[in-house]
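These are my notebook entries on one protein chain and its ligand. I set down what I looked up, in the order in which I looked it up.

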Amino acid sequence: MRFTLVTLFPEFFDSPLASGLMARGAQAGLVEFARVNPRDFATDQRGTVDGRPYGGGPGMVMACPPLAAALESIPRPGRMIYLSPRGKRLDQALARELAAEPALTLVCGRYEGIDQRLLEAFPLQEVSVGDFVLGGGEAGALCLVEAVARLLPGFMGHDESADEESFAQGLLEYPHYTRPEEFRGLRVPQVLAGGDHGRVAAWRRERALETTLARRPDLLAETDLDEADLDVLRRARRAKGPGLGRNLHLALLHAPVLNKFGQTVAVSLTNLDVHDIARVSRTCGLGGYYIATPLVDQRALLDSLLGHWLEGPGREANADRAEALSLVRAAADLDEVLADVGRRCGQAPRVVATSARGAGSATPGRVRRWLGEGPVVLVLGTGHGLAPEILERADGVLRPLHALGGYNHLPVRAAAAMIVDRVLGDLY
Ligand SMILES: C[S@@+](CC[C@H](N)C(=O)[O-])C[C@H]1O[C@@H](n2cnc3c(N)ncnc32)[C@H](O)[C@@H]1O
């Protein structure tokens, strides 16, 4: 694999490319490096490679002429990449894809970056090494070179080690141990010293699953898992105790809500809302589901409905339904909900409202963080949505679901399920 590094600081790469496996890989002809400095292609005596940005603002921009000449001087550029925080995130899958190329040219930006027209004039793919801003592309290029080079056949000596590592199978890697068998009272897990390869492999898979669940549950959503894996994850999940969902309480308000004329009204209870949102709440491990209506006859209706399923014939017929409906609590209004949650949790809850209109002021990620700090009541509206007075008193209003589409009329049961899933995911 031939790497051409286009950089204003070629000396940056001296030591990393001359050390360890990279040096050996170069000696063995598995990797070769060329460095091209755009300053060598500057047309003035001072070697100018940058200019002030059009439109004003701080910093300088790497100019087109010297960089274009530098790129055009490369005999075999192969796939061309510009290291940039605006690019596609480098991950193991992209590293694998790049390792199949015969040559890569890596353009390292400096200052505020390169003139946009270079990205239009050359087939430069933007690649980022993470959601942070580096002072220059060199450190990013080095990450990319290392990630790609070690996947080249023969580079690491024993090629199977790349198949077992973090991300190779969508999991973080298991822990490693070496001699001595005991260090400061800490012993190597017995199974690893036992010589039973089947048990060692099973132990390693379990630790990899547990570590991934604890640190990067987002990876598991895209990982192929079998029943045995799910059992390991279930056990790990149980051992961790209640998840974040325990701090989330839903409140379905039947007043004050808007009707289709924009008037503030109270609307009547819907049986399906009671059942379906209770089932969502139980499935996602939520702390509770409040149904609020100021209408006494509606609360009596709810009482009799719950009585049927929790204490009457419904309980015998469908115990699962009873389990879900046991999360339901009746309230007259939002104040009563907040007081009850505060009493049960020993802490006043934050209030997050939902709406199919407006731009919102909260995101699912922010609500997830709030759940790590204490209880949250997520308020859902019936009718044509929550009245402005409820939205105004909330700590945050979630941006409408599918806000970019033209049609936005979800039933509240569906909205509840989608919002809870976006806040918690199914592995938290
Ligand atoms: C100070 S940065 C420019 C940041 C740019 N103004 C922005 O806000 O997107 C200078 C150079 O560092 C490199 N760089 C910075 N952060 C990076 C990242 N996360 N991944 C890859 N390259 C990065 C790019 O080559 C960039 O042109």
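**Entry 1: the sheet with β5**

I began with two strands and found that β5 and β7 pair in the parallel sense over 6 bridges. I note that the model is a predicted one. Within this pair, I looked up I81 and found that its bridge partner in β7 is Q125. Strands of a sheet pair through backbone hydrogen bonds, and the pairing is either parallel or antiparallel.

I then asked in what order the strands of this sheet follow one another. The sheet is open and has 5 strands, in the order β2-β1-β6-β5-β7, with parallel pairing. I recorded β2 and β7 (124-128) as the edge strands, since each pairs on one side only. On average, neighbouring strands are turned by 30° against each other, direction ignored.

Next I looked for a helix against this sheet. I found that α6 lies across β1 (2-6), β5, β6 (103-108) and β7. The helix α6 runs at about 160° to β6.

**Entry 2: the ligand**

I asked which residues are closest to the ligand. They are G109, G113, L134, G137 and G140, in a shell of 19 residues. Two elements, β5 (79-89) and α6 (137-149), each supply at least two residues of this shell. The most comes from β5, which gives 4 residues. I sorted the shell by class and obtained 7 nonpolar, 9 polar and 3 charged residues.

**Entry 3: the sheet with β15**

I turned to another open sheet, which has 6 strands in the order β14-β13-β10-β16-β15-β17. Its pairing is parallel. The edge strands are β14 (328-331) and β17 (396-398), each with pairing on one side only. From one strand to the next, the twist averages 25°.

I examined one pair in this sheet. Strand β15 (residues 350-354) and strand β16 (residues 376-381) run parallel and are joined by 4 bridges. In this pair, R350 stands opposite V376 in β16.

**Entry 4: two residues compared with partners along the chain**

I located G47 in the loop between β2 (32-36) and β3 (50-51). Is G47 buried or exposed? It counts as partly exposed, because 14 C-beta neighbours lie inside 10 Å, whereas 20 or more would make a residue buried and 12 or fewer would make it exposed. Leaving out residues up to four places away in sequence, I found that G47 touches R39 and A42. G47 and P66 are 19 residues apart in sequence, and their C-alpha atoms are 9.2 Å apart in space.

I then located P364 in helix α17 (residues 364-371). P364 has 18 C-beta neighbours inside 10 Å and so counts as partly exposed. With residues up to four places away in sequence again left out, P364 touches R422 and V423. P364 and G383 are 19 residues apart in sequence and 23 Å apart in space, C-alpha to C-alpha.

**Entry 5: backbone details**

Most residues other than glycine have a negative phi, and most peptide bonds are trans. I therefore looked for departures from both habits.

I found a cis peptide bond between R179 and P180, with omega about 5°. P180 is in the loop between α7 (161-164) and β8 (182-183). A cis peptide bond also joins A255 and P256, where omega is about -10°. P256 is in the loop between β10 (248-253) and β11 (257-258).

For phi, I recorded R184, where the angle is near 50°, a positive value in a residue other than glycine. R184 is in the loop between β8 and β9 (186-187). It is exposed, because 5 other C-beta atoms lie within 10 Å. I also recorded H402, with a positive phi near 45°. H402 lies in the loop between β17 and α19 (412-424). With 13 other C-beta atoms within 10 Å, H402 is partly exposed.

**Entry 6: the whole chain**

I closed with the protein chain as a whole. How many helices and strands does it have? I recorded 19 helices and 17 strands. The radius of gyration is 29 Å, well over the 22 Å that the globule rule gives for 428 residues, so the chain is more spread out than a compact globule. Along the principal axes, its C-alpha atoms fill a box of roughly 85 × 65 × 35 Å. Of the 428 residues, 29% count as buried. Among contacts between residues at least 6 apart in sequence, 77% join residues at least 24 apart.

Technical notes. Residues numbered from 1 in each chain as written. Predicted model: local features only at pLDDT ≥ 70, side-chain atom pairs only at ≥ 80, totals over all residues. Near = placed C-beta within 6 Å. Nonpolar A, V, L, I, M, F, W, Y, C, P; charged D, E, K, R; others polar. Pairing = 2+ DSSP bridges. Axes fitted to C-alpha atoms, helices over the stretch in contact; angles between N-to-C directions. Contact = placed C-beta atoms within 7 Å. Rg over C-alpha atoms; globule rule 2.2 N^0.38 Å.
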